[in-house]
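Q: I would like a close look at one part of this model. Please start from the aromatic rings and follow them into their surroundings.

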Amino acid sequence: MVRNPYTRLLSCYRDKILGNSFQKREILQVLGKADQPIETMVTFAEFIRSISGQQDIEMNPHWRTQTSHILHGIVEYDFIGRFETYARDFIESFRVLGIAE
């Protein structure tokens with residue numbers, strides 16, 4: 001299952017950055033604010049700028065591109081579902097696998 005990349009990125013920002021999760025330390029370091037408290041405000045624009053220069057291999061898995069996670073171009077998929085249509089796509093994935101509902 002994949003997710004709309006913009007929605008996924010915003011969700012990650014809200015959870016990991018606004019929520020002051022330990023992953024925020026990585027962003028503070030990239031922004032040159034490593035010595036600042038975890039509660040230091042990081043805007044969405046700062047977050048985007050801080051990760052946009054990173055290579056996928058350098059990125060935290062929470063904001064790494066989904067194409068890397070699913071090994072796009074390496075794994076041959078019969079079906080890729082979307083988080084936004086999870087209920088329907090979950091059933092379709094079972095159909096593709098030959099599993100009864």
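How many aromatic pairs does a search of the whole structure find?

A: The model is predicted. Searching the whole structure turns up six aromatic pairs. One of them joins Tyr13 and Phe44. Their ring centres are 5.1 Å apart, and the planes meet at 65 degrees. That angle is over 60 degrees, so the pair counts as edge-to-face. Tyr13 sits in helix 1 and Phe44 in helix 3, so the pair links distant parts of the chain, 31 residues apart.

The two partners differ in exposure. Tyr13 has 6% relative accessibility and is therefore buried, the cut-off being under 20%. Phe44, at 32%, counts as partly exposed.

Phe90 and Phe94 form another pair, with ring centres 4.7 Å apart. Their planes stand at 40 degrees, so this pair is tilted. Both residues belong to helix 5 (residues 86-97). They are four residues apart there, so about one helical turn separates them. An α-helix has 3.6 residues a turn, so residues three or four places apart point the same way. Phe90 has a relative accessible area of 35%, which makes it partly exposed. Phe94 is also partly exposed, at 25%.

Back to Tyr13. Together with Phe44, Phe47 and Trp63, Tyr13 forms one aromatic cluster. Tyr13, Phe47 and Trp63 also belong to the largest nonpolar core. That core has ten residues in all. The other members are Cys12, Ile17, Ile27, Leu28, Val42, Ile51 and Met59. At least two residues of this core come from each of helix 1, helix 2 and helix 3. Helix 1 gives the largest share, three residues. One core member, Ile17, touches Cys12, Lys24, Ile27, Val42 and Phe47, leaving aside residues up to four places away in sequence.

Now helix 1 itself. Its buried residues are Arg8, Cys12, Tyr13, Lys16 and Ile17. They span an arc of only 135 degrees around the axis, so they lie on the same side of helix 1. Tyr6 and Arg14 are exposed on the other side. What do the buried residues of helix 1 pack against? They pack against helix 2 (24-30), helix 3 (44-52) and helix 4 (66-69).

The length of helix 1 can be checked too. It has 14 residues, from 5 to 18. At 1.5 Å a residue, it should span 20 Å. The end C-alpha atoms lie 18 Å apart, which agrees. Asn4 caps the N-terminal end of helix 1, with a side-chain oxygen 2.8 Å from the backbone nitrogen of Tyr6. Just after helix 1, Asn20 has a positive phi of about 55 degrees.

Helix 5, which carries Phe90 and Phe94, gets the same check. Its twelve residues should span 16 Å at 1.5 Å a residue. Its end C-alpha atoms are 16 Å apart, which agrees. Gly98 follows helix 5 and has a positive phi near 80 degrees.

Val96 is also placed in helix 5. At 31% relative accessibility, Val96 counts as partly exposed. Not counting residues up to four places away in sequence, Val96 touches Asp78 and Phe79. From Val96 to Ile80 is 16 residues in sequence and 10 Å in space, C-alpha to C-alpha.

Methods
Residues numbered from 1 in each chain as written. Predicted model: local features only at pLDDT ≥ 70, side-chain atom pairs only at ≥ 80, totals over all residues. Heavy atoms only, no water. Expected span 1.5 Å × (residues − 1). Buried < 20%, exposed > 50% of the residue type's maximum accessible area, 1.4 Å probe, protein only. Arc of directions from axis to C-beta. Contact = heavy atoms within 4.5 Å. Polar contact = N/O pair within 3.5 Å; in protein donor to acceptor, adjacent residues only side chain to side chain. Phe/Tyr/Trp six-rings, centres within 6.5 Å; stacked < 30°, edge-to-face > 60°. Core = buried A, V, L, I, M, F, W, Y, C linked by side-chain atoms within 4.5 Å.
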